[in-house]
Amino acid sequence: DSEAFGFTTCKLCTNGTTHCTSLLHGGKSDLIASHIHLAEGPDADGSKSEGPPVINFCGSNAQGLILDGADYAVPCVQWTD
């Protein structure tokens with residue numbers, strides 16, 4: 001899904017909970033994981049930078065998929081029309 005795009009808005013609470021909502025467009029294959037990365041480096045602008053995942057939004061903990069060391073709490077909702 002190289003043509004898929006979207007954004008996520010998160011609210012990080014002082015009690016340790018997180019609530020995120022995402023809006024994605026153009027995807028076709030199963031969505032297996034969604035996480036937020038820390039943008040690193042002198043040119044990090046938060047939109048195209050890369051870095052380690054810091055918040056797992058949703059995903060599958062099945063062997064062979066994207067496992068970054070922290071379990072995904074819930075599976076991702078799949079694409080709808």
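## Report on a predicted four-strand chain

Among the elements of the protein chain, strand β1 (residues 5-12) has the highest mean pLDDT, 81, and strand β3 (residues 33-37) has the lowest, 78. These values belong to a predicted model. Over the whole protein chain the mean pLDDT is 79, and 91% of the residues reach 70 or more. Where pLDDT is low, the predicted coordinates should not be read in detail.

| Item | Mean pLDDT |
|---|---|
| Strand β1 (residues 5-12) | pLDDT 81 |
| Strand β3 (residues 33-37) | pLDDT 78 |
| Protein chain | pLDDT 79 |

The protein chain has 4 strands and 0 helices. Read from the N terminus, the order of elements is β-β-β-β. Along the principal axes, the C-alpha atoms fill a box of roughly 35 × 30 × 25 Å. Of the contacts between residues at least 6 apart in sequence, 35% join residues at least 24 apart.

The next points concern burial and surface. The protein chain has 81 residues, of which 12% are buried. About 6,400 Å² of the protein chain is exposed, and carbon and sulfur atoms supply 54% of that area.

Which residues form a nonpolar patch on the surface? The patch consists of Ile32, Leu65 and Ile66, which together have about 210 Å² of accessible area. Ile66 lies in the segment after β4 (53-59). Ile66 counts as partly exposed because its relative accessibility is 38%, and partly exposed covers the range between under 20% (buried) and over 50% (exposed).

How values were computed. Residues numbered from 1 in each chain as written. Predicted model: local features only at pLDDT ≥ 70, side-chain atom pairs only at ≥ 80, totals over all residues. Heavy atoms only, no water. Helix = DSSP H or I, 4+ residues; strand = E, 2+ residues; numbered from the N terminus. Buried < 20%, exposed > 50% of the residue type's maximum accessible area, 1.4 Å probe, protein only. Contact = heavy atoms within 4.5 Å. Areas by Shrake-Rupley, 256 points an atom, 1.4 Å probe, with all protein chains shown as cover. Patch = residues over 30% accessible without salt bridge, like charges linked within 9 Å, V, L, I, M, F, W, Y side chains within 5 Å. Salt bridge = Lys/Arg side-chain N within 4 Å of Asp/Glu carboxyl O. pLDDT = per-residue confidence, 0-100.
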